[in-house]
Amino acid sequence: MLTQGADKRMFCGNMTDYVLGYTNSEQERLIRQAAKLAPITERFFREAGIGSGQRVLDLGSGMGDVAMLVARLVGPSGEVVGVERDTNSIARARARAAAAGLRNVSFLNTDVNNIVSSQPFDAAVGRFILMFLPDPVSVLRSAVGLVRPGGVIAFQEPSWAAMLALGSGLSLWSRTRHLIHETLLRSGAHREMGLALYRVFQEAGLPAPEMHLEMPLGSDADFIRLTSDLLLSLLPLAEQHEVSLEELGSLDTLPDRICAEVVEANTVVSLIGVVGAWSRKSAAADSSRGEPAEIPESSA
Ligand SMILES: C[S@@+](CC[C@H](N)C(=O)[O-])C[C@H]1O[C@@H](n2cnc3c(N)ncnc32)[C@H](O)[C@@H]1O
């Protein structure tokens with residue numbers, strides 16, 4: 001099937017389930033989370049070498065925040081193509097990019113497993129996408145195949161272990177995070193995709209990536225809601241996988257009770273641990289096929 005959107009050279013195919021769903025409140029949570037993560041993601045992309053004039057592919061765009069951030073980094077002479085399979089998310093991402101006056105970003109309504117482009121990208125990026133895919137290595141390998149030799153591959157994925165290790169003295173906060181973690185675990189989402197990027201990059205044919213971990217810390221109500229609202233988005237899954245939330249009491253008052261606990265302890269809590277991994281596609285090999293591609297050094 002020929003895809004919609006600006007780039008008619010791309011094609012799309014089948015879909016699978018996405019555990020967080022597409023409710024309005026989850027979309028709003030994603031936007032608020034993206035605002036909190038923006039400085040971390042921007043620093044990471046700059047370090048990885050994303051910059052002016054580049055053509056960049058963003059996998060799993062959601063509300064479009066990563067694509068818009070990259071669109072500002074590459075500037076008017078660059079271009080970003082965001083890939084997202086949910087039609088409503090794409091519509092909102094397009095509207096938000098237009099409202100922000102960004103003309104160098106387009107969104108493609110398709111599955112990340114099925115992207116084809118006749119024009120190479122300078123970079124492929126993504127945030128919190130590989131953790132939801134049944135076969136992240138295969139998707140990454142395909143993305144690498146769309147990037148020119150010497151181009152950048154840069155992904156940010158979560159580490160729940162890092163988050164769970166902090167704040168264990170806060171009882172309600174700990175139980176809330178534990179139940180979110182348990183629900184994600186039973187749903188099959190890869191909670192430790194962050195550290196797994198080291199292996200996933202190499203299995204996709206890339207050199208071992210440069211990596212680091214960052215964790216935003218905070219104590220205000222908006223910050224805490226980013227996590228408690230995640231639990232609300234996961235309610236259908238918690239029910240489906242028989243994760244009982246009874247011990248948390250009323251979910252309506254949960255954010256206020258967690259806030260009170262954090263204030264009482266006069267401490268900060270963490271958002272998800274964000275692991276960044278980046279690498280460059282070899283100038284001498286086509287890693288999408290795992291064999292030498294006879295590409296001259298000068299084209300990198
Ligand atoms: C957690 S959101 C992340 C959005 C954005 N990258 C960010 O960090 O704000 C993951 C997004 O990936 C999309 N997604 C999941 N699986 C996908 C697939 N196979 N193909 C395309 N998009 C997918 C979901 O629809 C969702 O919008």
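This is a short talk about the ligand site, the cavities and the largest pocket of one structure.

Hi everyone, thanks for coming. One thing before we start: what we have on screen is a predicted model, so please keep that in mind as we go round.

Let's begin with the ligand. It has 17 residues around it, and the closest are Y22, G60, E84, V112 and R127. If you sort that shell by class, you get 9 nonpolar, 4 polar and 4 charged residues.

Now zoom in on the polar atoms. Y22 places a polar side-chain atom 2.6 Å from an oxygen atom of the ligand. E84 also has a polar side-chain atom 2.6 Å from a ligand oxygen atom. With V112 we turn to the backbone: a polar backbone atom of V112 is 2.9 Å from a nitrogen atom of the ligand. How much of the ligand's accessible area does the protein cover? On its own the ligand has 600 Å² of accessible area, and the protein covers 99% of that.

So where does the ligand sit? The space it takes is the largest cavity. That cavity has a volume of about 680 Å³, and 43 residues line it. If you want to find its centre on your own screen, look for Y18, L20, L30, F128 and F132, which lie nearest to it. Several elements give two or more residues to this lining, including β1 (55-59), β2 (79-84) and α8 (221-233). Helix α1 provides the largest share, with 6 residues. By class, the lining holds 23 nonpolar, 11 polar and 9 charged residues.

How many cavities of 30 Å³ or more does a search of the whole structure find? The search finds 2. The second largest holds about 40 Å³ of space. Its lining is made of L57, L59, V112, I115, V139, S142, A143 and L146, and you'll recognise V112 from the ligand's closest residues. The elements giving two or more residues here are β1 and α4 (136-145), with α4 giving the most, 3 residues. This lining has 7 nonpolar residues, 1 polar and no charged ones.

Last stop, the largest pocket. Its volume is about 260 Å³. There are 16 lining residues, and D17, V19, F132, S187 and G188 are the closest to its centre. F132 should sound familiar, since we met it by the centre of the largest cavity. The pocket lining divides into 10 nonpolar, 5 polar and 1 charged residues.

That's my tour. Happy to take questions!

Definitions and conventions: Residues are numbered from 1 along each chain as its sequence is written. This is a predicted model: local features need pLDDT of at least 70, side-chain atom pairs count only at pLDDT 80 or more; totals for chains, interfaces and linings use all residues. Side-chain values use heavy atoms; hydrogens and water are left out. A residue is near a molecule or strand if one of its heavy atoms lies within 4 Å of it. A polar contact is a pair of N or O atoms within 3.5 Å; within protein, one must be able to donate a hydrogen and the other to accept it, and residues adjacent in sequence count only if both atoms are side-chain atoms. Accessible areas come from the Shrake-Rupley method with a 1.4 Å probe; for residues, only the protein chains shown count as cover. On a 1 Å grid over the protein atoms alone, a cavity is a set of points where a 1.4 Å probe fits but cannot get out, and a pocket is an open set with protein on both sides within 12 Å along at least five of seven lines; lining residues have an atom within 4 Å of a point. A molecule sits in a cavity or pocket if more than half of its atoms lie within 2 Å of its grid points. Ala, Val, Leu, Ile, Met, Phe, Trp, Tyr, Cys and Pro count as nonpolar, Asp, Glu, Lys and Arg as charged, and the others, Gly among them, as polar. Grid points are joined across faces, edges and corners, and a volume is the space filled by probe spheres set on the points. Helices (H or I, at least four residues) and strands (E, at least two) are DSSP runs, numbered from the N terminus.
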